[in-house]
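Here's a set of exercises to work through with the model open beside you. Try each task before you read its solution.

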Amino acid sequence: MAAPSPAFLSTVDLHTHSTASDGSLAPAAVVQAAAEVGVQMLALTDHDTVRGLDEAAAAAHRCGITLVPGVELSVRWKERSLHLVGLDIDPAAPALVAGLAELQRIREIRAAGIAQRLERIGVHDALARTQALAHGNQPTRTHFARLLVADGICRDLERAFSRYLGAGKPAYVGAAWPELDQAVDWIRRAGGQAVIAHPLRYRFGSQLRGRLYQAFREMGGAGIEVCCGTSDADDVRRSANEAAEQGLKGSVGSDFHGPEQPWVRLGRVAPLPAKVDAVWASSSA
Ligand code: MN
Ligand code: MN
Ligand code: MN
């Protein structure tokens, strides 16, 4: 289980999910819940889609908070998977639209492959039923995990990943995610800022992380998430130091997916240490 949430409430939360990807609340409900706990600047960053942004923007207008249009892209760097958050993007920018279409194709192929493997181990009608769980949007592995729980095959989502869906497990299917530099380019051409999401979750050593940050800055990356929903004080200190050393800005995001994961809450993120420049200070939002 992840560390308990720090007792901070941030008025800025730049990493959240809705039913447009693998979150459990509709975009408007995420915005409303954020406004209710005091968040004033919120980014909706669904996986590889901007489908929730219009609804979120309308809700933000009603609630009187600022919605930063965002997205979380799955990418590859040195044959490893990473997540890249794009903030303050123009969701209609052609380069980004084309990139997202490519990502949706990759996800569609992967979903079909996962479903095929699940059928082989006796999960009936896996693709159609998972698509229904995804509210008509592209299913993610989390949606397949929810199906395995709903069918009583796994007790919880963690077990669905550790027994079936995780790397090397019977229903695992890899994906040919785009390269990091390509995805940074899509975000920049959409007028946005590229931020490496939850940088300590990849289990890189500090040396490899340093190489990533340097390469990322050279390709036009803006910053890293210094404060995440599951960061402890050591994580924040380490990431703040590394961002400052590498000339990268800092972002703050809970990675909220819904109320059924109570250890990650909207706005529950540590404050950004003063030594790091805030990525949102230069945002036009
Ligand atoms: Mn997710
Ligand atoms: Mn992520
Ligand atoms: Mn996320």
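**Exercise 1: Strand pairing at the start of the sheet**

In which sense do strand β2 and strand β3 pair, and over how many bridges?

Solution. Keep in mind that you're looking at a predicted model.

Step 1. Pick out residues 41–44 for β2 and residues 66–77 for β3; the two strands are parallel, with four bridges between them.

Step 2. Check the register. Met-41 has Thr-66 as its bridge partner in β3, and Leu-44 sits opposite Pro-69 in β3.

Step 3. Now turn to the other neighbour of β2. β1 pairs with β2 in the parallel sense too, over two bridges, and Val-12 is opposite Met-41 there. Helix α1 (residues 27–36) joins in: β1, α1 and β2 make up a right-handed β-α-β unit.

**Exercise 2: The rest of the sheet**

Work out the strand order, then follow the pairing from β3 to β5.

Solution. Step 1. The sheet is open and has seven strands, in the order β1-β2-β3-β4-β5-β6-β7, with mixed pairing. Its edges are β1 (12–13) and β7 (249–253), each of which pairs on one side only.

Step 2. Strands of a sheet can pair parallel or antiparallel, through backbone hydrogen bonds. β3 and β4 take the antiparallel option, with eight bridges. Trp-77 is opposite Arg-80 in β4. The two strands form a hairpin with two residues between them, and Lys-78 in that turn has a positive phi of about 50 degrees.

Step 3. Move on to β5: β4 and β5 are antiparallel, joined by four bridges, and Leu-87 has Gln-193 as its bridge partner in β5.

Step 4. Look for what packs over these strands. Helix α8 (residues 206–218) lies across β3, β4 (80–87), β5 (193–196) and β6 (223–228), and runs at about 175 degrees to β5.

**Exercise 3: The faces of β2 and the cores**

Are the side chains on the two faces of β2 buried or exposed?

Solution. Step 1. Side chains in a regular strand alternate between the two faces of the sheet. In β2, Met-41 and Ala-43 are on one side, with Leu-42 and Leu-44 on the other; all of them are buried, and both faces are covered.

Step 2. See where Leu-42 belongs. The largest nonpolar core has 67 residues, and Leu-42 is among those with the most contacts inside it, along with Leu-73, Leu-84, Leu-180 and Val-226. β3 gives the most to this core, with six residues.

Step 3. Zoom in on Leu-180. Setting aside neighbours within four places in sequence, Leu-180 contacts Val-75, Arg-76, Trp-77, Leu-82, Leu-84, Leu-212, Phe-216 and Met-219.

Step 4. There's another core, apart from that one, with 15 residues, including Ala-111, Leu-118, Val-123 and Ala-160.

**Exercise 4: The manganese ions**

Which residues coordinate the manganese ion (ligand 2), and which are the protein donors of the manganese ion (ligand 1)?

Solution. Step 1. Start with ligand 2. Glu-72 (OE), His-83 (ND1) and His-198 (NE2) coordinate this manganese ion at 2.1 to 2.2 Å, and its donors follow the spacing E-x10-H-x114-H along the chain. His-83 belongs to strand β4 and His-198 to the loop between β5 and α8, so this pair ties together parts 115 residues apart in sequence. His-83 is partly exposed, at a relative accessible area of 23%, while His-198 is buried at 5%.

Step 2. Go on to ligand 1. Asp-22 (OD), His-47 (NE2) and His-257 (NE2) are the protein donors of this manganese ion, 2.1 to 2.2 Å from it. Asp-22 is in the loop between β1 and α1 and His-47 in the loop between β2 and α2 (53–63), so they tie together parts 25 residues apart in sequence. With the cut-off for buried at under 20% relative accessible area, Asp-22 at 5% and His-47 at 10% both qualify.

Step 3. Put the two ions together: the manganese ion (ligand 1) and the manganese ion (ligand 2) are 5.7 Å apart.

How values were computed. Residues are numbered from 1 along each chain as its sequence is written. Chains are lettered from A and ligands numbered from 1 in the order in which they are written. This is a predicted model: local features need pLDDT of at least 70, side-chain atom pairs count only at pLDDT 80 or more; totals for chains, interfaces and linings use all residues. Side-chain values use heavy atoms; hydrogens and water are left out. Two strands pair if DSSP finds at least two bridges between them. Contact means heavy atoms within 4.5 Å. Axes are lines fitted to C-alpha atoms, for helices over the stretch in contact, and angles run from 0 to 180 degrees between N-to-C directions. Donors are N, O and S atoms within 2.8 Å of the metal (3.2 Å for Na, K and Ca); water is not among the atoms, so sites may look incomplete. Buried means under 20% relative accessible area, exposed over 50%, partly exposed in between (1.4 Å probe, protein chains only). A crossover is right-handed if, with the strands pointing away from the viewer, the path from the first strand over the helix to the second runs clockwise. A nonpolar core is a set of buried Ala, Val, Leu, Ile, Met, Phe, Trp, Tyr and Cys residues joined through side-chain atoms within 4.5 Å.
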